[in-house]
Amino acid sequence: VQLQASGGGLVQAGGSLRLSCAASGTIFSINVMGWYRQAPGKERELVAVLSSGGITNYADSVKGRFTISRDNAPNTVYLQMNTLKPEDTAVYYCKFVQRNYNAWGQGTQVTVSS
């Protein structure tokens, strides 16, 4: 499976961005797609994930501000990020998981200025 992410950029605090990640290749009906992020000097952390069955999981730090959604045909996951804060600055990575396989996207930079 290959992942192509897009949508990062520079935004002022309080602004919005939308990330997209398209998956291609051999994709089974049951899978999970989502977003992780890694800030400089920090561990990579979960932001939000969404299963093909509609189950979501969000980091507490983004609840109420970020919304994850997906289209199953084609397999694309979106992350709508509102009310962005400087602490949201990080490289955001798309992740795809199915059966015993997982893949990471190339990462997209999100920078929030104060």
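Are C21 and C94 buried or exposed? Both C21 and C94 are buried. The legends below refer to a predicted model.

**Figure 1. Overall view of the chain, an arrangement of strands without helices.** The secondary structure comes to 0 helices and 11 strands. Read along the sequence, the pattern is β-β-β-β-β-β-β-β-β-β-β. The C-alpha atoms fill a box of roughly 40 × 25 × 20 Å along the principal axes. A compact globule of 114 residues would have a radius of gyration near 13 Å, and the chain agrees with this because its own value is 13 Å.

**Figure 2. Burial, contacts and surface of the chain.** Of the 114 residues, 44% count as buried. Among contacts between residues at least 6 apart in sequence, 51% join residues at least 24 apart. The accessible surface comes to about 6000 Å², and 49% of this surface belongs to carbon and sulfur atoms. The chain carries 10 positive and 6 negative charges. The mean positions of these two sets of charges are 5 Å apart.

**Figure 3. Close-up of the disulfide between C21 and C94.** The structure holds 1 disulfide. In this disulfide, the sulfur atoms of C21 and C94 are 2.1 Å apart. The torsion about the S-S bond is about -85 degrees, so the disulfide is left-handed. The pair links distant parts of the chain: C21 lies in strand β3, residues 17-24, while C94 lies in strand β9, residues 90-98. The two cysteines are 73 residues apart. C21 is buried, as is C94.

**Figure 4. Close-up of T83 in the loop between β8 and β9.** Strand β8, which covers residues 75-81, precedes this loop. Most residues other than glycine have a negative phi. Phi of T83, by contrast, is positive, with a value near 50 degrees. T83 has a relative accessible area of 44%, and therefore counts as partly exposed, a class that runs between 20% and 50%.

**Figure 5. Close-up of R99 in the loop between β9 and β10.** Strand β10 covers residues 101-104. R99 is a residue other than glycine with a positive phi, near 50 degrees. The relative accessible area of R99 is 65%, so R99 is exposed, the cut-off being over 50%.

Key
Residues are numbered from 1 along each chain as its sequence is written. This is a predicted model: local features need pLDDT of at least 70, side-chain atom pairs count only at pLDDT 80 or more; totals for chains, interfaces and linings use all residues. Side-chain values use heavy atoms; hydrogens and water are left out. Helices (H or I, at least four residues) and strands (E, at least two) are DSSP runs, numbered from the N terminus. The radius of gyration is taken over C-alpha atoms; the globule rule is 2.2 Å times the number of residues to the power 0.38. Buried means under 20% relative accessible area, exposed over 50%, partly exposed in between (1.4 Å probe, protein chains only). Contact means heavy atoms within 4.5 Å. Accessible areas come from the Shrake-Rupley method with a 1.4 Å probe; for residues, only the protein chains shown count as cover. Lys and Arg count as positive and Asp and Glu as negative; His and the chain ends are not counted. The place of a charge is taken as NZ of Lys, CZ of Arg, CG of Asp or CD of Glu. A disulfide is a pair of cysteine sulfur atoms within 2.5 Å.
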